[in-house]
Amino acid sequence: MTVDEIAAFATDVLVSRGMARDQAAAVAGFIAAAERDDCPSHGLYRLLGMLRTIDAGTVGLDARPTVSELRPGIVSIDAHFGFSPLAFATGRPVLEQRARENGLAALVIRNCFHFSALWAEVEPLAADGLVALAMTPSHAWVAPAGGRRPVLGTNPIAFGWPREGRLPFVFDFATSAVARGEIELHRRAGRAVPPGWGVDAEGRATTDPAAILSGAMNTFGGHKGSALSIMVELMAAALIGDLTSMESAKADNGTVGAPMHGEIVIAFDPAGFPGGAEATSASRAEMLFEAITSQDLRLPSDRRYAARARSLRDGVKVRRALLDEIAAARRSAPRQLDERAS
């Protein structure tokens, strides 16, 4: 499929289940970008969870994000319980403007359902010349280091750095040992996961993906990843007045839908900092990147960028079985959803 065909397919699925077209198109853009960049754990597969969330009746299918400015440099978006991409698109122009005016600014997204990878948000900010940092909680699926009970979310952190004439330097990683979608994809394929990804319900190490999904995931790097994950809970939940991963999981009430919580994105204008004013930050950054790549190493996101070029040239391979599963889920709208629509 072409990237445009993937976006059109995802939009059509969501619109057919009652989602407003602008919200569906924003969601579909993130899904298509993930498939384009060979990140299938955040691609079309995510439609299945979205349909479950829609079936639960909790998502605002025609939600219109609203913007308010709490203080100079703090932009707040109320997503009104819609999915996050439209809320980000609504707040991004204001965030960029305030970052250039003040040197830095924060975008707070509240009351949203979140499913997407954060690189899709920091990359366009970096492409516009801003340094960007984003983080968000999720559901409580992850045990703190040494624990056995889920307390933390997968709690990703993403960072983007602009590069003149090149695609931005971007990294995006979960503070869990792996993204939860990767474990689910292993379960669906009937494959064991590598050691260290999680524990079963009794707290015993296991490579059975189903046991981890009903037990707890591990953080990456032991206590270091655990501390970073706690930081995300504080920065992207407590600080912005939205749900922690534990509260999000409780609000889900067993529907196994998309997590409902908030997100924080911080943008820095290099021109407002001493390095930018002296025109040294870019040259120092490139010197650092060259020291890495000269060792025949790739930078974070280089694999994605290579996949992107390949996808735009050759198209994206999509499993027919997944498309069929999405089509079946699309047709199986529950009776209460049909009654609401009428």
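**Notebook: cavity, pocket and a few residues**

I began with the interior, and found that Phe30, Ala33, Ala34, His42, Ser116, Ala117, Trp119 and Ala120 line the largest cavity. Two elements, α2 (21-36) and α5 (119-127), give two or more residues each to that lining. I noted that α2 gives the most, with three residues. A reminder to myself: this is a predicted model.

Next I looked up the volume of the largest cavity, which comes to about 40 Å³. How many cavities of 30 Å³ or more are there? I have one in my notes. Sorting the lining of the largest cavity by class gave me six nonpolar residues, two polar and no charged.

**Entry: the second largest pocket**

I then turned to an open site. The second largest pocket has a volume of about 230 Å³, and 11 residues line it. Which of them lie nearest its centre? I wrote down Pro162, Arg163, Glu164, Ser281 and Ala282. From the elements, β5 (157-163) and α11 (281-293) each supply at least two residues of this lining. By class I have five nonpolar, three polar and three charged residues around the second largest pocket. For the largest cavity I had written no charged residues, so that entry is worth reading beside this one.

**Entry: positive phi values**

I went looking at the backbone next. Phe81 has a phi near 65°, which is positive, and Phe81 is not a glycine. Where does Phe81 sit? I found Phe81 in the loop between β2 (74-78) and α4 (84-102). Its relative accessibility is 34%, so I list Phe81 as partly exposed.

Asn111 also went on my page, with a positive phi of about 55° in a residue that is not a glycine. Asn111 belongs to strand β3, residues 104-113. Is Asn111 buried or exposed? I list Asn111 as buried, because its relative accessible area of 16% falls under the 20% cut-off.

**Entry: a nonpolar patch on the surface**

On the outside I picked up a nonpolar patch formed by Phe173, Phe220, Leu228 and Met231. Together these residues have about 280 Å² of accessible area. I followed up one of them, Phe173, and found it in strand β6, residues 166-173. Phe173 has a relative accessible area of 32%, so I put it down as partly exposed.

**Entry: two distances**

I closed with two pairs, both taken C-alpha to C-alpha. The first pair is Lys224 and Ser214, which are 10 residues apart in sequence and 24 Å apart in space. Lys224 is in helix α8, residues 223-238. I count Lys224 as exposed because its relative accessibility is 58%, and the cut-off for that class is over 50%.

The other pair is Val75 and Arg166. What separates them in sequence and in space? I have 91 residues in sequence and 29 Å in space. Val75 lies in strand β2, and β2 is one of the elements flanking the loop that holds Phe81. With a relative accessible area of 0%, Val75 is buried.

Conventions
Residues numbered from 1 in each chain as written. Predicted model: local features only at pLDDT ≥ 70, side-chain atom pairs only at ≥ 80, totals over all residues. Heavy atoms only, no water. Helix = DSSP H or I, 4+ residues; strand = E, 2+ residues; numbered from the N terminus. Buried < 20%, exposed > 50% of the residue type's maximum accessible area, 1.4 Å probe, protein only. 1 Å grid on protein atoms, 1.4 Å probe; cavity = no way out; pocket = protein on both sides within 12 Å on 5 of 7 lines; lining within 4 Å. Points joined across faces, edges and corners; volume = space filled by probe spheres on them. Nonpolar A, V, L, I, M, F, W, Y, C, P; charged D, E, K, R; others polar. Patch = residues over 30% accessible without salt bridge, like charges linked within 9 Å, V, L, I, M, F, W, Y side chains within 5 Å. Areas by Shrake-Rupley, 256 points an atom, 1.4 Å probe, with all protein chains shown as cover. Salt bridge = Lys/Arg side-chain N within 4 Å of Asp/Glu carboxyl O.
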